[in-house]
Amino acid sequence: MTGWENLTVGAAAPDREYGPISRTDIVQYQGASGDFNPIHHDDEFAQSAGYPGAFSVGMLQAGILASFATDWLGPRNVRTFGVQFREQVWPGDVLVCSGSVVGRDDDARTVDLELVATRVGGGAAIKGYATFVVE
Amino acid sequence: MVDKSAIGATDEPFTMVVEAGKVREFARATMSASPEYLEGPDPVIPPTFLTTVSFWSPPGRSVFSKVKMDLRRLLHGGQEYTFHGPPPAVGTTLTVQTRVADIYEKEGKRGGTMTFVITISEFRDESGTLVAEAKSTAIETGKPATSEAGA
């Protein structure tokens, strides 16, 4: 269902669930990305900054949403991927990623996507957008 | 206090090598199921992989230090990656340069002035061709951060 004919405006990928996001997931991402801000793994540090505890890295949720999109339309086809951060994600949260086609360019053979990662029991954690070439 | 005279400031270019193990590690950490990243011999980078540029930037020379943001009130508002073709593949040596593209203020919904700082990093391949750009939006809030917004 990823061919050009099927990717009309409104076409959607099946929703996908990620998590519960564990502290290990957060630490693994921090090691992979190089962002070692202790606010994401050290409860005492996070509390000293006024938070109830350590919370996930925004770019981890962004990366998960990007993986959702590239699993759908292919790693080599992405041309733009952007996110806006909305709600923080906490250890134990389950994220549901969803995405749909909101625009098409017949000449460039690209589709524009609207993407969102929603916290189960909460609101949108990440709102995303992307453009993919369709082969 | 954000220093608006930093608009237009750039850092010194430096190189970043796209490595296979790093791509696989990053794809796992971001929960990809794509065989290209996880099993392929020479994958392209995942869309948000360029955040790992922090492993390559010379310490203490980030253009960001010229903006003088208050780290206790700093939020990451948004991030955007643009690829001018397929994303760079493993084995590519990228040259990176970052500039402060814009600084502007907005009144926050919950009171206080928010200052937005836009930085853009350009990534060029060995032939000097611009292959990717990363645009980052950092926000200095009017009040210390709370758990209500931002990441």
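Helix α3(A) lies across a broad set of strands: β1, β2, β3, β4 and β5 of chain A, together with β2 of chain B. Its axis runs at about 55° to β3(A). Please keep in mind as we go that this is a predicted model.

Since α3(A) reaches a strand of chain B, let us turn to the contact between the two chains. Chain A brings 32 residues to this contact and chain B brings 36 residues. On the side of chain A that touches chain B, the elements giving two or more residues are α1, α3 and β2 of chain A. Of these, α3(A) gives the most, with 10 residues. That side of chain A divides into 16 nonpolar, 12 polar and 4 charged residues.

The chains also meet strand to strand. β2(A) and β2(B) pair in the antiparallel sense over 5 bridges, and here Phe81(A) has Tyr81(B) as its bridge partner. This pairing is part of an open sheet of 10 strands, with antiparallel pairing and the order β1(A)-β3(A)-β4(A)-β5(A)-β2(A)-β2(B)-β5(B)-β4(B)-β3(B)-β1(B). Why is one side of β1(A) and of β1(B) left without a neighbour in the sheet? Both stand at the edges, each with a single partner strand, so there is no neighbour on the other side. On average, neighbouring strands of this sheet are turned by 25° against each other, direction ignored.

Now walk outward from β2(B) through chain B. β2(B) pairs with β5(B) in the antiparallel sense over 9 bridges, and Gly78(B) has Thr137(B) as its bridge partner there. Thr137(B) also stands opposite Ile118(B), in the antiparallel pairing of β4(B) and β5(B), which spans 10 bridges. The hairpin of these two strands has 5 residues between them, and Gly128(B) takes a positive phi near 90° in it. One step further, 12 bridges join β3(B) to β4(B), again antiparallel, with Glu107(B) opposite Thr113(B).

Finally, look at helix α1(B), residues 20–29, where Val23(B), Phe26(B), Ala27(B) and Ala29(B) are buried. These residues cover an arc of only 165° around the axis, which puts them on the same side of α1(B). An α-helix has 3.6 residues a turn, so residues three or four places apart point the same way. What do the buried residues of α1(B) pack against? Their partners are α1 of chain A and α2 of chain B. Just after α1(B), Met31(B) takes a positive phi of about 65°.

Notes:
Residues are numbered from 1 along each chain as its sequence is written. Chains are lettered from A and ligands numbered from 1 in the order in which they are written. This is a predicted model: local features need pLDDT of at least 70, side-chain atom pairs count only at pLDDT 80 or more; totals for chains, interfaces and linings use all residues. A residue is buried if 20 or more other C-beta atoms lie within 10 Å of its own, exposed if 12 or fewer, and partly exposed in between; C-beta atoms are placed from the backbone. Helices (H or I, at least four residues) and strands (E, at least two) are DSSP runs, numbered from the N terminus. The arc is that of the directions from the helix axis to the C-beta atoms. Two residues are in contact if their C-beta atoms, placed from the backbone, lie within 7 Å. Ala, Val, Leu, Ile, Met, Phe, Trp, Tyr, Cys and Pro count as nonpolar, Asp, Glu, Lys and Arg as charged, and the others, Gly among them, as polar. Two strands pair if DSSP finds at least two bridges between them. Axes are lines fitted to C-alpha atoms, for helices over the stretch in contact, and angles run from 0 to 180 degrees between N-to-C directions.
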